[in-house]
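Thank you for making time for this; I would like to walk you through one structure, going from confidence to surface, interior and charged pairs. Please have the sequence and the coordinates open while I talk.

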Amino acid sequence: MWLLYAAGSAFFAGITSILAKCGIRKADSTAATAIRTFVILIFSWLIAGAAGSLNQIGSISGRTLLFLVLSGAATGASWLCYFRALQLGDINKVVPVDKSSTVLTIILALIFLGEGVSFQKALAVVAIAAGILLMIEKKDVSETKSGGRSSWLLYAAGSAFFASLTAILGKIGISDVESNLGTAIRTAVVLVMAWLMVFITGRQNEVRKIKGRELAFICLSGIATGASWLCYYRALQEGPASVVAPVDKLSVLVTAVFSYFVFGEKLSKKALAGLILLTAGTVAMAVL
């Protein structure tokens, strides 16, 4: 069943990117992230209550709580980078870079969780990495180095780094607690971090400036993220992180399809080849 949960996580994560892009066209990305987190917090605690797991709060060990908090902090950092990148760059460029966390997650899972990687899976990882590289234009890299418009690439890379830490820390923290409750606790940490960033950067007034239509999309993206998280951490609890993470990253395929119809963003032949390679490598990771 964990494979189905991982696939569900990928689907909802793909929708999240589209809804979020609609919600931050003019809205401040940091303020939007804080609002989304509040929506997810309500959603996740309602699900945890419905699952009957709230009575387990008192029995959570200090070690488990520590890793859940660290995982939540890494998620918050990843989000702040990710939605800033979405605001600055094309969604079809940002998402693949963010999904490069797959490769780092597999490496970290091998080092810290002892999850073995076969020769076939190693080839799949190479295919995923090659696909990501094909989807990044040379001009994006050169503009980033020169401080040009492609600063989104730096934010997207930061998002990928913190996302990989989230998966490893989450895998450790979720092992001794019901997944819905673990997700709810993590979300509370992300909420605190997101709103701290709002006040530290002086963006609190930006919250009031968000228009009704954008606010609706931000809230919908929060619900989609909540659904993705619930699926993702249930999959992490039951399956290996080195496989769950790649399957979850199939959301890039969902995002590419929706971005074409919603934003009219088209992939170049090179980027399309990269997407096919990325998808093939991800599928191989799931079945090998």
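Before anything else, please keep in mind that this is a predicted model, in which the pLDDT averages 84 for the protein and 94% of the residues score at least 70. The stretch to treat with caution is residues 139-146, where pLDDT stays under 50, although the model still has 15 contacts there beyond four places in sequence.

Let me turn to the surface. A nonpolar patch is formed there by Phe-11, Leu-253, Val-257, Phe-258, Tyr-260, Phe-261 and Val-262, which together have about 670 Å² of accessible area. Which helix gives the most to this nonpolar patch? Helix α13, spanning residues 251-263, does, with six residues. One of the patch residues in that helix is Leu-253, and with a relative accessible area of 36% Leu-253 is partly exposed.

Now to the interior, where I have picked out two serines. Ser-17 sits in helix α1, which covers residues 2-23, and at 2% relative accessibility this serine counts as buried. If we set aside the neighbours within four places in sequence, the residues in contact with Ser-17 are Tyr-82, Leu-86, Ile-91, Val-95 and Thr-255. The second serine, Ser-242, belongs to helix α12, residues 241-248, and Ser-242 also counts as buried, with 2% relative accessibility. Its contacts, again leaving out neighbours within four places in sequence, are Ile-106, Ala-109, Glu-115 and Met-285. Ser-242 and Leu-110 are 132 residues apart in sequence, and yet their C-alpha atoms are 7.8 Å apart in space.

Next, the cysteines. How many disulfides does a search of the whole structure find? The search finds zero. For Cys-219 we can say why there is no bond: the closest cysteine sulfur, in Cys-22, is 14 Å from the sulfur of Cys-219, which is too far. As for exposure, Cys-219 counts as partly exposed at 26% relative accessibility, whereas Cys-81 counts as buried at 17%.

That leaves the charged pairs, and the structure holds three salt bridges. In one of them Arg-203 pairs with Asp-28, and the closest N and O atoms are 2.6 Å apart. This pair links distant parts of the chain, 175 residues apart, since Arg-203 lies in the loop between α9 (179-200) and α10 (204-209), while Asp-28 lies in the loop between α1 and α2 (29-50). Is each partner buried or partly exposed? Arg-203 counts as partly exposed, at 28% relative accessibility, but Asp-28 is buried, with a relative accessible area of 13%.

Another salt bridge joins the side chains of Lys-209 and Glu-206, at 3.5 Å from N to O. Both of these residues lie in helix α10, three residues apart, or about one turn of the helix. Lys-209 is exposed, with a relative accessible area of 54%, whereas Glu-206 counts as partly exposed at 26%.

The remaining pair is Glu-238 and Arg-234, whose side chains meet at 2.6 Å, N to O. They both lie in helix α11, residues 212-238, and they are four residues apart, about one turn of that helix. Here Glu-238 is partly exposed, with a relative accessible area of 37%, and Arg-234 is partly exposed as well, with 27%.

I will stop here and take your questions.

Methods:
Residues are numbered from 1 along each chain as its sequence is written. This is a predicted model: local features need pLDDT of at least 70, side-chain atom pairs count only at pLDDT 80 or more; totals for chains, interfaces and linings use all residues. Side-chain values use heavy atoms; hydrogens and water are left out. pLDDT is the predictor's confidence in each residue, from 0 to 100. Contact means heavy atoms within 4.5 Å. Patches are made of residues with over 30% relative accessible area and no salt bridge: like charges are joined within 9 Å, nonpolar side chains (Val, Leu, Ile, Met, Phe, Trp, Tyr) within 5 Å. Accessible areas come from the Shrake-Rupley method with a 1.4 Å probe; for residues, only the protein chains shown count as cover. A salt bridge is a side-chain nitrogen of Lys or Arg within 4 Å of a carboxyl oxygen of Asp or Glu. Buried means under 20% relative accessible area, exposed over 50%, partly exposed in between (1.4 Å probe, protein chains only). A disulfide is a pair of cysteine sulfur atoms within 2.5 Å.
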